[in-house]
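Let's take a walk through this structure together, going from the whole chain to a few of its details. Keep the 3D view open and turn it as you read.

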Amino acid sequence: MIEFLTGLPYLKLLLIGFWLAYVLILGAWIVLQKRDPAATLSWIISLSLLPYVGFLIYYLIGPMRVHRQRLRRLRSSANFRKIDAFKDKDRDAVELSRMIQASTGLAPTTARSVKLLVDGGNKYPALLEAIAAARDHIHIEYYIFLGDKTGDSILQALITKAREGVKVRLLIDAVGSSKLKRKVLVPLIEAGGEVAWFHPTRWFRFWQKSWMNLRTHRKIVVIDDTIGFCGGINVTDDEDERLSDRAFRDLHVRLEGNIVRSLQLLFMEDWAYATDTKPLPIAHPTPVTGPVLAQIVASGPDSNVEAIHRTFVTMINNAKSRVWLMTPYFVPGEAARMALTSAAYSGLDVRVMLPKVSDSKLVTHAARSYFDELLEAGVKIHEYGPRMLHSKAILCDDETFMVGSANFDQRSFRLNFEAMVLIQDRAIGDEFAELFEYEMKSAPLVRDDRHRGFFSAKLPEAVARLMSPLL
């Protein structure tokens with residue numbers, strides 16, 4: 001007993017030494033990722049309080065890079081016919097288009113048709129109709145694809161087309177669709193369809209990188225290189241208002257024309273990466289210029305450019321009259337926050353619409369921690385309810401509009417693979433503005449003199465804000 005007590009000081013010194021070594025090694029590992037300083041410090045401080053376990057946590061969910069440059073080079077070799085789509089636009093529009101092309105490799109082009117689809121009740125019938133008309137191939141990529149009534153209806157449609165000889169490829173995110181049972185997909189595979197999982201988790205094989213925190217959040221459908229879908233609506237009953245009064249309020253877009261080829265390229269990159277196969281051959285249909293100027297904006301952890309983040313900020317900085325933003329998750333970094341407040345200080349009509357009731361209390365508290373700063377600058381904040389607002393779109397001035405899968409937060413800007421569609425068209429802008437004004441009827445303004453209890457609001461918001469770089 002005496003020997004044990006006399007050895008305690010040495011044991012303490014040994015533990016402290018191991019802890020310091022752990023902090024130094026972990027800190028060096030995180031610092032070498034060259035991330036945002038605030039996020040880097042948040043990770044180091046948080047994981048320093050979890051000795052040794054922090055290595056495993058950072059390995060599984062830390063913001064690491066995905067290396068797949070070999071596939072991204074496809075964008076420059078896809079032989080897109082050069083279309084000077086933005087030549088008649090003003091200088092800001094041209095520079096925005098050039099910035100997107102330089103950061104993504106995806107050129108500006110046109111669409112023959114663009115149709116906004118509000119809620120699953122409009123999106124799913126349009127998708128089923130397009131699937132039924134497919135003749136060559138159907139490519140589908142979703143973050144959430146469940147085997148419920150909605151998912152089953154789409155799976156049955158895919159099975160039917162696969163039996164007809166149509167090439168069906170279904171790419172599903174392994175975490176977002178973790179509730180989907182593998183046996184549900186067997187009939188599709190037996191019919192000749194192909195299924196792949198994006199970044200599957202390997203709980204008992206930690207030595208193999210699982211990329212648990214890096215997901216494909218994209219919702220992409222490409223049919224016969226002629227029809228495309230992109231937006232925020234997943235495949236689940238939770239997004240069909242015909243099945244539930246509490247279904248998410250969401251927005252999607254149906255596309256036809258040359259713009260679909262850019263969506264096709266994104267899918268083929270993701271499919272080749274997920275299946276570890278060579279990229280699929282790229283079709284080269286004769287381009288047919290449409291009346292709507294459009295461009296795909298894609299980003300993910302395979303690049304540190306943050307193209308979607310840059311596009312949001314550039315659009316806001318270029319705005320002359322208004323900035324109307326819809327997003328379910330609002331955790332802006334310094335650049336995005338500065339752009340919004342600067343626009344409001346300049347006298348622009350800046351409105352941000354968020355859900356009053358979110359599916360994440362932590363993110364809701366983090367979002368509300370920025371309200372005072374925004375309200376002081378003159379930003380009008382609307383909280384939509386009672387349904388969960390899940391739309392992800394922005395309108396600047398009258399015709400610069402973008403919609404897709406990316407939230408206005410750090411996760412979408414840096415960690416997830418996302419896809420947005422930039423549209424430069426007055427008619428589409430007017431249609432979204434009309435929708436935004438309609439949604440305002442269910443989204444009262446947040447007042448700067450609102451009651452905020454210390455334990456119910458102020459303290460949770462302050463704590464959540466500290467975790468913002470990690471969300």
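The chain holds 16 helices and 17 strands. This is a predicted model, and every value below was computed from it. Of the 471 residues in the chain, 58% are buried. If you take the contacts with a separation of 6 or more, 81% of them join residues that are 24 or more positions apart.

Let's look at two helix pairs. The first is α5 (residues 91-104) with α10 (residues 307-318), whose axes come within 10 Å and cross at roughly 170°. An angle over 145 degrees counts as roughly antiparallel, so α5 is roughly antiparallel to α10. On the α5 side, the contact is made by Asp-92, Leu-96, Met-99, Ile-100, Ser-103 and Thr-104. Facing them from α10 are Ala-307, Arg-310, Thr-311, Thr-314, Met-315 and Asn-318. Sorted by class, this contact has 5 nonpolar, 5 polar and 2 charged residues.

The second pair is α6 (residues 120-132) with α7 (residues 149-163). Their axes come within 9 Å and cross at roughly 10°, and the two helices are therefore roughly parallel to each other. Here α6 brings Tyr-124, Leu-127, Leu-128, Ile-131 and Ala-132, while α7 answers with Thr-150, Ser-153, Ile-154, Ala-157, Leu-158 and Lys-161. The class count for the contact of α6 with α7 is 8 nonpolar, 2 polar and 1 charged.

Now for the empty space inside. The model has 3 cavities of 30 Å³ or more, and the second largest has a volume of about 80 Å³. Which elements each supply at least two residues of its lining? They are β12 (349-355) and α12 (361-368), with α12 giving the most, 4 residues. Among the lining residues are Tyr-329, Phe-330, Leu-354, Val-363, Phe-371 and Glu-383. By class, the lining of the second largest cavity divides into 8 nonpolar, 2 polar and 2 charged residues.

From here we can turn to the loops. Glu-241 sits in the loop between β7 (227-231) and β8 (251-256). Is Glu-241 buried or exposed? With a relative accessible area of 27%, Glu-241 is partly exposed, because that value falls between the 20% and 50% cut-offs. Beyond its neighbours within four places in sequence, Glu-241 is in contact with Asp-119, Gly-120, Gly-121, Ala-247 and Arg-387. Glu-241 and Asn-122 are 119 residues apart along the chain, yet their C-alpha atoms are separated by 9.6 Å.

A few backbone details round off the tour. Most residues other than glycine have a negative phi, and most peptide bonds are trans. With that in mind, look at the loop between β6 (220-223) and β7, where Asp-225 is placed. Asp-225 has a positive phi of about 60° although it is not a glycine. Asp-225 is also buried, with a relative accessible area of 13%. Glu-306, in the loop between β9 (292-299) and α10, has a positive phi as well, near 55°. Its relative accessible area is 17%, so Glu-306 is buried.

Finally, where does the cis peptide bond with omega near 10° lie? It runs from Gly-385 to Pro-386, and Pro-386 has its place in the loop between β13 (380-384) and β14 (393-396).

Technical notes: Residues are numbered from 1 along each chain as its sequence is written. This is a predicted model: local features need pLDDT of at least 70, side-chain atom pairs count only at pLDDT 80 or more; totals for chains, interfaces and linings use all residues. Side-chain values use heavy atoms; hydrogens and water are left out. Axes are lines fitted to C-alpha atoms, for helices over the stretch in contact, and angles run from 0 to 180 degrees between N-to-C directions. Angles under 35 degrees count as roughly parallel, over 145 as roughly antiparallel, 65 to 115 as roughly perpendicular and the rest as oblique. Contact means heavy atoms within 4.5 Å. Ala, Val, Leu, Ile, Met, Phe, Trp, Tyr, Cys and Pro count as nonpolar, Asp, Glu, Lys and Arg as charged, and the others, Gly among them, as polar. On a 1 Å grid over the protein atoms alone, a cavity is a set of points where a 1.4 Å probe fits but cannot get out, and a pocket is an open set with protein on both sides within 12 Å along at least five of seven lines; lining residues have an atom within 4 Å of a point. Grid points are joined across faces, edges and corners, and a volume is the space filled by probe spheres set on the points. Buried means under 20% relative accessible area, exposed over 50%, partly exposed in between (1.4 Å probe, protein chains only).
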